[in-house]
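These are my notes from working through one structure, entry by entry. I wanted to set down what I looked up and what I found there.

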Amino acid sequence: MATAGKNLSEYNKETIPNAKDFRFGIVVSEWNSDITEGLFQGAFDVWIENNVLKENIVRWNVPGSFELIYGCKKMQESFEMLDAIIAVGNVIQGETKHFDFVCDGVTQGIKDLNIQSDIPVIFCVLTDNTKQQSIDRSGGKHGNKGAEAAVAAIKMARLRKDATFYKE
């Protein structure tokens, strides 16, 4: 396994753009909340470490990972001043094909939001085979994918601002 023994959430703060003036949204699935709350906390901590003001973070909850698409779409429509949004969810393999349908639907839905809107949506949906794998990636031995998503959101927010500047 490529992630064995590695904490993938370590980053060099010097390589992160100044996030002081950015505004972020985060849509969090309530399903497997022990995992998704860990992911949220990882994202929140990185934003605060990088000078994002608490009042510039908007959080919405949705029942499950499939509902992340609608939640992110409505957040894009409701808060045009956001610089990026993170979709936080967790789907764990079960005994049926439901896992495949949910994972594929959420992936394609978030991809579609990125094509259709000017506000980037960062994919932070763990799709693991076991609960332990999810624990390991939501603040455990492999770090926190929420923290990684927050770094990606900051970088995409900077890209969005830079692209807007060049367009004008």
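Before turning to packing, I fix the term: I take two residues to be in contact when they have heavy atoms within 4.5 Å. I also keep in mind throughout that this is a predicted model.

**Entry: helix H2**

I began with H2 and looked up which of its residues are buried, taking buried as under 20% relative accessible area. I found Leu68, Ile69, Gly71, Cys72, Met75 and Gln76 to be buried in H2. These residues cover an arc of only 165° around the axis, and therefore they lie on the same side of H2. I noted the general background that an α-helix has 3.6 residues a turn, so residues three or four places apart point the same way. I then asked which elements the buried residues of H2 pack against. The partners are S1, S2, S3, H3 and strand S4, the last of these spanning 121-128.

**Entry: the nonpolar cores**

Next I looked up the nonpolar cores, with the general expectation that in soluble globular proteins nonpolar side chains tend to be buried together. The largest core has 28 residues, and those with the most contacts inside it are Phe24, Ile26, Trp47, Ile86, Val88, Ala153 and Ile154. Two or more residues of this core come from each of S1, H1, S3, S4 and helix H5 (145-167). A second, separate core has 20 residues, among them Leu68, Ile69, Val102 and Ile119. Leu68 and Ile69 had already appeared in my list of buried residues in H2.

**Entry: phenylalanine 24 and the aromatic pairs**

I went back to phenylalanine 24 and listed its contacts, leaving aside neighbours within four places in sequence: they are Trp47, Val52, Asn56, Ile57, Val58, Leu82, Ala84, Ala153, Ile154 and Ala157.

How many aromatic pairs does the structure hold? I count four, and I followed up two of them here. In one, phenylalanine 24 and tryptophan 47 are stacked, with 4.7 Å from centre to centre and 10° between the planes. Because phenylalanine 24 lies in strand S1 (residues 24-29) and tryptophan 47 in helix H1 (residues 33-49), this pair ties together parts that are 23 residues apart in sequence. Phenylalanine 24 and tryptophan 47 are both buried.

The other pair joins tryptophan 60 and phenylalanine 79 in an edge-to-face arrangement, with 5.7 Å from centre to centre and 65° between the planes. Tryptophan 60 belongs to strand S2 (residues 57-62) and phenylalanine 79 to the loop between helix H2 (68-78) and strand S3 (84-92), so the pair links parts that are 19 residues apart in sequence. Tryptophan 60 counts as partly exposed because its relative accessibility is 28%.

I added two related items: Phe22, Phe24 and Trp47 form one aromatic cluster, and the charged end of arginine 59 sits over the ring of phenylalanine 40, 4.3 Å from its centre.

**Entry: two asparagines with positive phi**

I checked the backbone angles against the general rule that most residues other than glycine have a negative phi. Asparagine 32 has a positive phi near 55°, and I located it in the loop between S1 and H1. Is asparagine 32 buried or exposed? With a relative accessible area of 18%, asparagine 32 is buried. Asparagine 51 also has a positive phi, of about 70°, and lies in the loop between H1 and S2. Asparagine 51 counts as partly exposed, because its relative accessibility is 45%.

**Entry: serine 65**

Serine 65 is in the loop between S2 and H2, and at 4% relative accessibility serine 65 counts as buried. Not counting residues up to four places away in sequence, serine 65 touches Ser29, Gly89, Asn90, Val91, Val102, Val106 and Val125.

**Entry: histidine 98**

Last, I looked up the annotation: an unreviewed UniProt entry gives His98 as "active site", and such annotations may be inferred rather than shown by experiment. In the model, histidine 98 is found in helix H3 (residues 98-116). Histidine 98 counts as exposed because its relative accessibility is 54%.

Methods
Residues numbered from 1 in each chain as written. Predicted model: local features only at pLDDT ≥ 70, side-chain atom pairs only at ≥ 80, totals over all residues. Heavy atoms only, no water. Helix = DSSP H or I, 4+ residues; strand = E, 2+ residues; numbered from the N terminus. Buried < 20%, exposed > 50% of the residue type's maximum accessible area, 1.4 Å probe, protein only. Phe/Tyr/Trp six-rings, centres within 6.5 Å; stacked < 30°, edge-to-face > 60°. Lys NZ or Arg CZ within 6 Å of the ring centre and 35° of its normal. Arc of directions from axis to C-beta. Core = buried A, V, L, I, M, F, W, Y, C linked by side-chain atoms within 4.5 Å.
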